[in-house]
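Trainee: I should like to go through this chain with you step by step. May I put my questions in turn, and would you set out the reasoning behind each reply?

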Amino acid sequence: YYRGSGCITLKSMMVRTLCSYLRDKGTDPFTVIPVTYIVYPRKPSSSSEPAKELSAIAAAREAAKRKKLEADDEREALVQAHKEASADGNQVSWILKSSAGGKGEGISISRNVEELIEIVDACDSESA
C-alpha cells in the first residue's frame, strides 16, 4: 500500500483515473475499457426503521457523505444508456461488479438494468 494509490487500486477510482487520463490524451476511454457506470447503494427512506441517535456532528457528516455519493452516482446515465442501446431491439447485457471483495465474488449479469440497480440498493453502503 502506498499513500494516495487509491486512484489506481480502488476499482471505481481506477475507472475515473483512466477515463480522465485518456480524455486528456484525446482518446475515447471506452475504446480501451468497457463502458462503465458507478452506482452506489441508496437506502429507501422508511419510517419503519428505528431512527439512530446521532450527534449533530455525526448527522452532518452522514448527510455530507450521502450527498457526495448521490452526486457521484451514475445510475441515471446507466438507465439512459440502456434505453439508447436497446432502442433498436438489441439485447444488451450489463455486468454488475461490486467494489467489495474480489475473486469474482459479487458479480451479476443481467439484461435488466433495474434488477441490477435493485441489487446495488440492497447492499449496505459499507460493503458495496
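Trainee: Which residues of α2 are buried?

Mentor: Please keep in mind that the model is predicted. Residues count as buried when their relative accessible area is under 20%. In α2, the residues that meet this condition are V15, C19 and L22.

Trainee: Over what arc around the axis of α2 do these residues lie?

Mentor: An α-helix has 3.6 residues a turn, so residues three or four places apart point the same way. The buried residues of α2 are V15, C19 and L22. They sit on the same side of α2, because the arc they cover around the axis is only 75°.

Trainee: How far apart are the end C-alpha atoms of helix α2?

Mentor: Helix α2 covers residues 11-24, which is 14 residues. At 1.5 Å a residue, the expected span is 20 Å. The model agrees with this, as the end C-alpha atoms of α2 are separated by 20 Å.

Trainee: Is M14 buried, partly exposed or exposed, and what is its relative accessibility?

Mentor: M14 belongs to helix α2. Apart from neighbours within four places in sequence, M14 is in contact with C7 and I8. Buried requires under 20% and exposed requires over 50%, so M14 is classed as partly exposed, at 36%.

Trainee: Which residue just after α2 takes a positive phi?

Mentor: Helix α2 comprises residues 11-24. Just after α2, a positive phi of about 80° is found at G26.

Trainee: How many disulfides does the chain have?

Mentor: C19 is buried, at 6% relative accessibility, whereas C123 is partly exposed, at 26%. The test for a disulfide is a pair of cysteine sulfur atoms within 2.5 Å. By this rule the number of disulfides is 0.

Trainee: In what order do the elements of the chain run from the N terminus?

Mentor: The chain contains 5 helices and 2 strands. Starting at the N terminus, their order is α-α-α-α-β-β-α.

Trainee: Which residues of α4 are buried, and over what arc do they lie?

Mentor: The buried residues of α4 are R75, L78, V79, A81 and H82. On the other side of α4, K83 and E84 are exposed. The buried set keeps to the same side of α4, because its arc around the axis is only 160°.

Trainee: What is the relative accessible area of R75?

Mentor: R75 is placed in helix α4, which comprises residues 75-86. Not counting residues up to four places away in sequence, R75 touches I38, V39, Y40, P41, R42, I117 and D121. The cut-off for a buried residue is under 20%, so R75 qualifies, with a relative accessible area of 7%.

Trainee: Which elements do the buried residues of α5 pack against?

Mentor: In α5, the buried residues are V113, L116, I117 and V120. These line one face of the helix, because they fall within an arc of 100° seen down its axis. The face turned away carries the exposed residues E118 and A122. The elements packed against by the buried residues of α5 are α4, β1 and β2.

Trainee: Which element supplies the largest share of the largest nonpolar core?

Mentor: In soluble globular proteins, nonpolar side chains tend to be buried together. Here the largest nonpolar core has 11 residues, among them V39, L78, W94 and V120. At least two of its residues come from each of α4, β1 and α5. The largest share, 4 residues, comes from α5.

Trainee: Which residues does W94 touch, leaving out those up to four places away in sequence?

Mentor: W94 is a member of the largest nonpolar core. With residues up to four places away left out, the residues touched by W94 are Y37, L78, A81, H82, S108, I109, S110, V113 and L116.

Trainee: What distance separates the C-alpha atoms of V92 and V113?

Mentor: V92 is located in the loop between α4 and β1, and its relative accessibility of 18% makes it buried. Leaving aside neighbours within four places in sequence, V92 is in contact with H82, A85, S86, S110 and R111. V92 and V113 are 21 residues apart along the chain, and their C-alpha atoms are separated by 9.4 Å.

Technical notes
Residues numbered from 1 in each chain as written. Predicted model: local features only at pLDDT ≥ 70, side-chain atom pairs only at ≥ 80, totals over all residues. Heavy atoms only, no water. Buried < 20%, exposed > 50% of the residue type's maximum accessible area, 1.4 Å probe, protein only. Contact = heavy atoms within 4.5 Å. Arc of directions from axis to C-beta. Core = buried A, V, L, I, M, F, W, Y, C linked by side-chain atoms within 4.5 Å. Expected span 1.5 Å × (residues − 1).
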